[in-house]
Amino acid sequence: NAAAETLEFQSEAHQLFQLMIHSVYSDKDTFLRELVSNAADALDKLRLEALRDENLPADVSDLHIAVEIDPENRTLTVRDNGIGMSRADVIALIGTIAKSGTAELRKRLAEAADPAASQALIGRFGIGFYASFMVADQVTLLTRPAGSGEGTRWESAGDGTYTVETAENLPQGTSVVLQLKPEDADDGLFDYTSAPKIKQIVKKYSDFVAWPIRMAGGAEAETVNSMKALWARPAGDVTADEYNEFYQQTAHDWNTPLETIRLQAEGTFEYQALLFLPRQAPFDLFLRERKRGVQLYVQRVFIMDDCAALMPEYLRFVKGVVDAQDLPLNVSREILQQDRQVQLIRRRLVKKILSTVKTMMSADPDKYETFWNEFGRAVKEGLLDDVENRSAILGICSFASTNDPERPTSLSDYVARMKEGQEHIYYLTGESRRGVENSPHLEAFQAKGFEVLVLTDPIDEMWVDAVRVFDDKQFRSVARGEIAFDAGPGAEQEAEFSGLLTWLTTSLSEHVKEVRLSSRLTKSPACVVGDTGDITPTLEKMYRATGR
Ligand code: ADP
Ligand code: MG
């Protein structure tokens, strides 16, 4: 074939690939879930394109997924008549592994001690297609874009190279043909040529997939999955297992969710939401291009991933589905941002998520701790971005404190412990716990028995200045200004030290505004304090580091 070429996976990707397929997986069955989910995505995309372009020369009359087994030749095929791929797509999408996160994933995989951990990692890196190589010696992908174009055949034995060539007479859509590993390679545990076994896997992982998954059984092809949208079923009918499967497949996470949240609104503007808080933060939570995790459906039809209009950025880790009744199917991202109804949904989703975490704080402190460790830094961005919900967000925050170095505290617990005569919530920011705890600024507070919050996340510097109060108590930095309980030295001492103070002020005039006596220290001889309106030293360092 004149148009055939043999290409190598990027070298970085190749190493990753080896690592992945040679790890020990406790659950190889998931390869099928990945292939079915790709096929379902391809059908979603085609339906959407057909909705937007009436003249699309594609056949959308019988969109479905077919799973075929050939025990004699030991092959398993997953076929869809969806959107398909061009040759360029195949090279870009299938020939390139985990474009963005490869290096990071490789590092983390090398660190992951047990199979379950590496499995969880792989699921989070969008490399589902390659799971095929856990069970197959060779994978062949045949694809033709819906509507037009040439067919492409891609093939690889998972050994570092793949071939791409033009293929004639392919139907619309994609087939993935797995040449299954020899029987003795799987100890008989994983017989993927057994129809009942495959049916059982499909049912387990893909029951809610909105497209028929057909398997040849006798004369008629049989639809294996029930295709019921979980979020449209009465809450009492859905089992935890079903929620978990749904989450794992749609969120591409091999963990189960930390929390499942359902929300239903009836009346003039009807919608259903099924949201999940993940158990672990994604590696790219703080990377700039990080996407949001909520999908939009309109009347059960998938419309888009990453629906920014439905979730504020500080809750970008929340996953799930919102299904709205009354939006047009061809709604665009731009329109969504403006739509008043969508804004109302978003407000309700945010409030529901915040109240769910609030409940979790008292009902299940361990779960809350997991949540906060993973996502607290992102949530705190909301203190700056979401003024409307500021106090609700403050209510779910927790911070390290001098009260108990081992246990973070909520603000309401801090307030409950405030001493007689203590008016403010005191905090000290810094780069590390150790640095802050050894700071001379703390001495007077410790002597008085006043608790001080220890804030070491960069974002803390920003929100304390913006937020200012909690429960009518002001936030006060212990490194700034005159401390109210600092009675100050007597006149006698002032007189005694005035010569020294004048000399110090003059000699240090380039560095400090004033040198004064203070009773705030109990052990250290001197400390540097900022004026009340000054930025803190850490913030100053941050600005300097970023060149501002
Ligand atoms: P992910 O699904 O997380 O993007 P995969 O490795 O499963 O990662 O697939 C990579 C990409 O290849 C998909 O995003 C999609 O664009 C393309 N692809 C895979 N399978 C199909 C298919 N059956 N039809 C069309 N495109 C597909
Ligand atoms: Mg996939």
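Begin by selecting leucine 142 and arginine 153 in this predicted model, where arginine 153, in β5, is the bridge partner of leucine 142. Widen the selection to residues 136-144, which make up strand β4, and residues 151-156, which make up strand β5, and you will have two strands that run antiparallel and are joined by 5 bridges.

From β5, move on to β6, residues 161-167. Strands β5 and β6 also run antiparallel, and 6 bridges join them; one place to look is threonine 152, whose bridge partner in β6 is threonine 166. The two strands form a hairpin with 4 residues between them, and in that turn glycine 158 has a positive phi of about 70°. On reaching β6, select threonine 163 as well, since threonine 6 stands opposite this residue. Strands β1 and β6 are joined by 4 bridges and run antiparallel.

Now bring the whole sheet into view. Which order do its strands follow? There are 9 strands in this open sheet, and their order is β1-β6-β5-β4-β7-β3-β2-β8-β9, with mixed pairing. At the edges stand β1, residues 5-8, and β9, residues 221-223, each of which has a single partner strand, so that one side of each is left without a neighbour in the sheet. If you look along the sheet, neighbouring strands are turned by 20° against each other on average, direction ignored. As background, the strands of a sheet pair through backbone hydrogen bonds, in either a parallel or an antiparallel way.

Next, add the helices that lie across these strands. Select residues 30-52 for helix α2, which lies across β2 (65-70), β3 (75-80), β7 (173-180) and β8 (213-216), and which runs at about 20° to β3. Then select residues 87-94 for helix α3, which lies across β1, β4, β5 and β6 and runs at about 30° to β5.

Helix α2 also leads to the next stop, because α2 is included in what covers the buried residues of α7. Select residues 240-251 to show helix α7, which has 12 residues and reaches 16 Å from its first C-alpha to its last, close to the 16 Å expected at 1.5 Å a residue. Which residues of α7 are buried? They are Tyr243, Glu245, Phe246, Tyr247, Gln248, Gln249, Thr250 and Ala251. Besides α2, the elements that cover them include α6 (195-206), β10 (259-265), β11 (271-277), β12 (293-298) and β14 (319-324). Following α7 comes histidine 252, whose phi is positive, near 55°.

A little further along the chain, select proline 257, which is found in the loop between α7 and β10. Is proline 257 buried or exposed? Proline 257 is buried, with 21 other C-beta atoms within 10 Å. Leaving aside its neighbours within four places in sequence, proline 257 is in contact with Asn244, Tyr247, Phe276, Leu277, Pro278 and Arg279. You can also draw a C-alpha to C-alpha distance from proline 257 to glutamine 280, which are 23 residues apart in sequence and 8.7 Å apart in space.

The next stop is a pair of helices. Select residues 340-363 for helix α9 and residues 365-385 for helix α10, whose axes come within 6 Å and cross at roughly 130°. The two helices are therefore oblique to each other, and their crossing is left-handed. To see where they touch, show Val357, Met360 and Met361 of α9 together with Pro365, Lys367, Tyr368 and Phe371 of α10, which make the contact.

Then go to the loop between β19 (469-470) and β20 (473-477), where aspartate 471 is found and where aspartate 472 also has its place. Aspartate 471 has a positive phi near 50°, while the phi of aspartate 472, also positive, is near 65°. How many other C-beta atoms lie within 10 Å of each? Aspartate 471 has 13 and is partly exposed, whereas aspartate 472 has 7 and is exposed.

Finally, clear the selections and look at the chain as a whole, which has 17 helices and 20 strands. Of its 548 residues, 35% count as buried. Among contacts with a separation of 6 or more, 70% are accounted for by residues 24 or more positions apart.

Technical notes: Residues are numbered from 1 along each chain as its sequence is written. Chains are lettered from A and ligands numbered from 1 in the order in which they are written. This is a predicted model: local features need pLDDT of at least 70, side-chain atom pairs count only at pLDDT 80 or more; totals for chains, interfaces and linings use all residues. Two strands pair if DSSP finds at least two bridges between them. Axes are lines fitted to C-alpha atoms, for helices over the stretch in contact, and angles run from 0 to 180 degrees between N-to-C directions. Two residues are in contact if their C-beta atoms, placed from the backbone, lie within 7 Å. The expected span of a helix is 1.5 Å times one less than its number of residues. A residue is buried if 20 or more other C-beta atoms lie within 10 Å of its own, exposed if 12 or fewer, and partly exposed in between; C-beta atoms are placed from the backbone. Angles under 35 degrees count as roughly parallel, over 145 as roughly antiparallel, 65 to 115 as roughly perpendicular and the rest as oblique. A crossing is left-handed if the near helix is turned anticlockwise from the far one by less than a right angle, and right-handed if clockwise.
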